[in-house]
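Trainee: Could you walk me through how to read a few features here? I'd like the general idea each time, and then the case in front of us.

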Amino acid sequence: VQLQASGGGLVQAGGSLRLSCAASGIIFVITDMAWYRQAPGKQRELVAAITSGGSTNYADSVKGRFTVSRDNAMNTVFLQMSSLKPEDTAVYYCNAQGPGKDYWGKGTLVTVSS
């Protein structure tokens with residue numbers, strides 16, 4: 001299983017970024033996907049999740065600013081991030097919830113400057 005995240009970078013506060021995660025080695029259409037993030041010195045936390053059926057769930061800190069979506073034809077999950085804040089600075093990880101096991105990508109760094 002490979003999860004290749006991309007789209008991170010440096011952005012000013014108030015700006016937007018879109019992260020992508022291309023998955024291979026899994027039956028993507030039946031796999032629940034999620035985005036997590038880990039800021040320096042902090043634990044990894046759930047940012048947003050999307051089920052195989054398209055139901056979504058968000059951390060309170062990003063509700064109304066971030067949108068998770070998926071394209072099953074492309075085996076890709078997206079995270080559209082808007083109104084970014086310095087506290088959103090973190091490494092963002094793609095997660096696939098396989099049967100009895102979670103899979104993780106290497107992460108992409110998002111830095112939000114004030």
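Mentor: Sure. Threonine 108 is a good place to start: it sits in strand β11, which covers residues 108-113. Keep in mind that this is a predicted model.

Trainee: Is threonine 108 buried or exposed?

Mentor: The cut-off for buried is under 20% relative accessible area. Threonine 108 has 11% relative accessibility, so it counts as buried. If you want a distance to go with that, take isoleucine 50, which is 58 residues away along the chain: the C-alpha atoms of the two are separated by 19 Å.

Trainee: Which side chains along β11 point to which face?

Mentor: They alternate along the strand. Thr108, Val110 and Val112 point to one face and are buried, whereas Leu109, Thr111 and Ser113 point to the other and are not.

Trainee: And how do I read the pairing of a strand?

Mentor: The general idea is that strands of a sheet pair through backbone hydrogen bonds, either parallel or antiparallel. You get both senses with β11. Strand β2 (residues 9-12) pairs with β11 in the parallel sense over four bridges, and valine 11 stands opposite valine 112 there. β9 and β11 run antiparallel and are joined by three bridges; the bridge partner of valine 91 in β11 is leucine 109.

Trainee: What is the strand order in the open sheet of four strands?

Mentor: The order is β1-β3-β8-β7, with antiparallel pairing. β1 (2-6) and β7 (66-71) are the edge strands, since each of them pairs on one side only. From one strand to the next, the twist averages 15°. For a detail, look at β1 and β3: five bridges join this antiparallel pair, and glutamine 2 has serine 24 in β3 as its bridge partner.

Trainee: Next topic: disulfides. How many are there?

Mentor: To call one, you look for two cysteine sulfur atoms within 2.5 Å. The count comes to one disulfide by that rule. It joins cysteine 21 to cysteine 94, with an S to S distance of 2.1 Å. Cysteine 21 is in strand β3 and cysteine 94 in strand β9 (residues 90-98), so the pair ties together parts that are 73 residues apart in sequence. Both cysteine 21 and cysteine 94 are buried.

Trainee: Why is the disulfide of cysteine 21 and cysteine 94 called left-handed?

Mentor: Read the torsion about the S-S bond: here the value is about -85°, so the disulfide is left-handed.

Trainee: Which residues have a positive phi without being glycine?

Mentor: Two to look at are asparagine 75, with phi near 55°, and serine 83, with phi of about 50°. Check where they sit, too. Asparagine 75 is in the loop between β7 and β8 (76-81), and serine 83 is in the loop between β8 and β9. Asparagine 75 is partly exposed, at a relative accessible area of 26%; serine 83 is also partly exposed, at 41%.

Trainee: Last one, the surface. Which residues make the nonpolar patch?

Mentor: Ile27, Val29 and Ile30 make a nonpolar surface patch of about 300 Å². To be in a patch, a residue needs over 30% relative accessible area. Take valine 29 as the case: its relative accessibility is 44%, so it counts as partly exposed. You'll find valine 29 in the loop between β3 (17-24) and β4 (32-38).

Note on methods:
Residues are numbered from 1 along each chain as its sequence is written. This is a predicted model: local features need pLDDT of at least 70, side-chain atom pairs count only at pLDDT 80 or more; totals for chains, interfaces and linings use all residues. Side-chain values use heavy atoms; hydrogens and water are left out. Patches are made of residues with over 30% relative accessible area and no salt bridge: like charges are joined within 9 Å, nonpolar side chains (Val, Leu, Ile, Met, Phe, Trp, Tyr) within 5 Å. Accessible areas come from the Shrake-Rupley method with a 1.4 Å probe; for residues, only the protein chains shown count as cover. A salt bridge is a side-chain nitrogen of Lys or Arg within 4 Å of a carboxyl oxygen of Asp or Glu. Helices (H or I, at least four residues) and strands (E, at least two) are DSSP runs, numbered from the N terminus. Buried means under 20% relative accessible area, exposed over 50%, partly exposed in between (1.4 Å probe, protein chains only). Two strands pair if DSSP finds at least two bridges between them. Axes are lines fitted to C-alpha atoms, for helices over the stretch in contact, and angles run from 0 to 180 degrees between N-to-C directions.
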